[in-house]
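Let's take a walk through this one together. Have the sequence and the 3D view open side by side, and we'll go from the overall build down to a single residue.

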Amino acid sequence: MESEASLWTHSMSSIFCFCFFSFTAFFSLFSLFIFVLRLKPWCNCDVCRSYLKSTWLKDFDNLSDWYTHLLAKSPTGTIHLHVLGNIVTSNPENVEYILKTRFDNYPKGKPFSVLLGDLLGRGIFNVDGDSWKFQRKMASFELGSVSIRSYAFEIVSTEIRSRLIPLLSSVADQEKAFDLQDVFRRFSFDNICKFSFGLDPGCLKLNLPVSEFAVAFDLASKLSAERALSPSQMIWKIKRLFNIGSEKKLKESIKLVNQLAEKMIHHRRQKGFSDKNDLLSRFMGSINDEKYLRDIVVSFLLAGRDTVASGLTSFFWLISQHPEVQSAIREESERVMGPDNNTDLANFEQMRNMHYLNAAIYESMRLYPPVQFDSKFAREDDILPDGTFVRKGTRITYHPYAMGRMERIWGPECLEFKPERWLKNGKFVPENPFKYPVFQAGLRVCLGKDMALVAMKSVAHAVIMRFDIRVADPNKAPRFAPGLTATVRGGLPVVVQERRY
Ligand code: HEM
C-alpha cells in the first residue's frame, strides 16, 4: 500500500516537472520569437548592430554617453535607432516643435501609459487628453498659490534643520565613508510625502529607519520602469496574467502602496481637510472619488521623489571636483546673509538673492539632468523642422543629457562645469527652455520646478556652509542604473567634516 502511494507521488511529481519544464521551454521560445518580431524593420546599420550586440559598452560607461556621441556627430542633431523604432533628437527646434508647436501630435501615448498604468492609474503623469487637462489646471492653480509655496519651503527648512544637519553632524569627522545619495533619497521621500499627503514617513531620522512605504514605492516604480526593458510587452503581460516573477512582486508592492495611500486618504477625511495645506487636502475639496485621489497623489510622489535626490547627488559630485565653485557659493552667502550668519538657514528672500548658487544648480543639471531623456509617440505622420520624417506610432525622444553636452548649443566649453555661463552682470539669466528641457518645456512643463529648485538650493546652501564634503573616489565618473530617473550605481560614498573657520 505504502509503495503504491509513493509510486503515485513519484509519478505526479514527474508529470509536474514535465509540465513545468515544457511551459518554461515554450515560454522562452515564445519570448525569443517575440524578440525577433520586435526587431522590425530588420536593420544591419552600424548603430543598430552596436546596440544589439552592446558593443558600445567598450567605449562608453552609460548608454546616454553613447547617444550623446552619436547625436553630436549627426549633422541634424537627430538619429534613428531603427531596431527600436525610436527617433532621438538633441535639436532645440525639434524639441520646441514636439513639446509646443505640434503638442497634440506628440502625446505620451499608450505604450508609456501601459507600463506605469498599474502604479499610477489615471494620475497626471500617466494620462493625455481631457483627464490631463483637468488635473493640470487644478494642480497649476493649487501649486501657484503663495500659501502652498511657503508651506513647501517650511517643510524643506524643517527637514534640513531637524534631520539633515543632525544626521551629517553625527557622521562628521569620522573618516568613514557613507552614501550621500541614500541620504538625499530619504530627504526627498520625507519631503514629498509631507507635501503630498501631510504625512511624515521619517526616513531621515538619525537611525535611518526602513520605511515600508518607501520600500514598496521604490520597488513598484523600479519594476514598472523595468517593464520597458522587456524585449516585448507580451512578455511582462503574460507574466502579469499568470502572476509570476517580477510581475508578482510588482503586484504585491502596488497593493501595499494602495493600502497605505487609502489609509492616509481615509485618515485625512476623518480628521478634516479644509484647513490643511497638503496637496491631498486641497484636491479633496473638488474630488470625491477615492481611487482618483490616490492616483493623482501617487503621480506627485513619483514626479518629485527621485528627481530632487538625483539632482543633489550630481551637484555634490561636481562640487567635489570644483572647490572654486564651493568657495564662490560661500562668498556669495556671506555677502547676502552677512559674515556672522554663516550657519543659519537662508530664508526665502535671501535664497532669491543668491544668483551664483542658482546658476551652479542650473549648471549641474545641464550636465547631469535628473530625467536624462523623455519620449512621446507620434499620433500621425509628420516632418520635424530638421527634415526628419516621423511615421505614425514612432517613439520620439528628446534627450536633455545629450543636449547639455552639445557644442552647437553651449559652445566649445560645453563639457566644463561653469556656473558663470548663466550670469550677466552678476544676475542669473535663464536660457531658452527648449535648449535646456531639464524640466521638460512647453505645455507639459514640470509643475514642481520652482519647488524643486528651492529645495535643492536650500539643501546645497545649508550643507556647503556647515560641512566640507569629500567624495571617497573622486576619479570615478558616475555610472547610471537604468530607470525613470538618473540614479548612480553604488551611490555616492563621501566623507564629511565639520567646516573649520
Ligand atoms: C529637479 C527636480 C525635477 C526635475 C528635473 C523634474 C523634471 C520633470 C520632467 C522632465 C517632467 C516631464 C516628464 C514627462 O512628461 O514624461 C516633469 C513633469 C512633472 N513634474 Fe517634475 N521634475 C522635478 C521635480 C518635481 C517635483 C518636486 C514635483 C512635485 C512637487 C514635480 C511634479 C511634476 C509633475 C506633476 C509633472 C507632470 C506634468 C504634466 O504632465 O503636466 N516635479 N518633471
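What follows starts with the whole chain, moves to the ligand and one helix pair, and ends at a single leucine.

Keep in mind from the start that this is a predicted model. Zoomed right out, you're looking at a protein with 19 helices and 13 strands. How compact is it? The radius of gyration comes to 25 Å, close to the 23 Å that the globule rule gives for 501 residues, so the protein is as compact as a globular protein of that length. If you line the C-alpha trace up along its principal axes, it spans about 90 × 60 × 50 Å. Of the 501 residues, 37% are buried.

The contacts tell you how the chain folds back on itself. Take the contacts with a separation of 6 or more: 74% of them join residues 24 or more positions apart.

Now go to the ligand. It is surrounded by 21 residues, and the closest are Ala-303, Gly-304, Thr-307, Cys-446 and Gly-448. Which helix gives the most to this shell? That's H13, with 6 residues. Helix H19 (449-466) is there too: both H13 and H19 supply at least two residues each. Sorted by class, the shell holds 13 nonpolar residues, 5 polar ones and 3 charged ones.

Stay with H13, because it has a partner that deserves a look: helix H13 (residues 290-321) and helix H16 (residues 355-367) have axes that come within 9 Å and cross at roughly 100 degrees. Angles of 65 to 115 degrees count as roughly perpendicular, and H13 and H16 are therefore roughly perpendicular to each other. On the H13 side, the contact is made by Gly-311, Ser-314, Phe-315 and Leu-318, while H16 brings Ile-361, Ser-364 and Met-365. By class, that contact has 4 nonpolar and 3 polar residues, with no charged ones.

Last stop: Leu-116, which you'll find in helix H5 (residues 110-120). Is Leu-116 buried or exposed? A residue counts as buried if 20 or more other C-beta atoms lie within 10 Å of its own; Leu-116 has 22, so it is buried. Leaving aside neighbours within four places in sequence, Leu-116 is in contact with Asn-126 and Ser-224. Try placing Ala-225 as well: Leu-116 and Ala-225 are 109 residues apart in sequence, yet their C-alpha atoms are 7.3 Å apart in space.

Methods. Residues numbered from 1 in each chain as written. Predicted model: local features only at pLDDT ≥ 70, side-chain atom pairs only at ≥ 80, totals over all residues. Axes fitted to C-alpha atoms, helices over the stretch in contact; angles between N-to-C directions. Helix = DSSP H or I, 4+ residues; strand = E, 2+ residues; numbered from the N terminus. Parallel < 35°, antiparallel > 145°, perpendicular 65-115°, else oblique. Contact = placed C-beta atoms within 7 Å. Nonpolar A, V, L, I, M, F, W, Y, C, P; charged D, E, K, R; others polar. Near = placed C-beta within 6 Å. Rg over C-alpha atoms; globule rule 2.2 N^0.38 Å. Buried ≥ 20, exposed ≤ 12 C-beta atoms within 10 Å, placed from the backbone.
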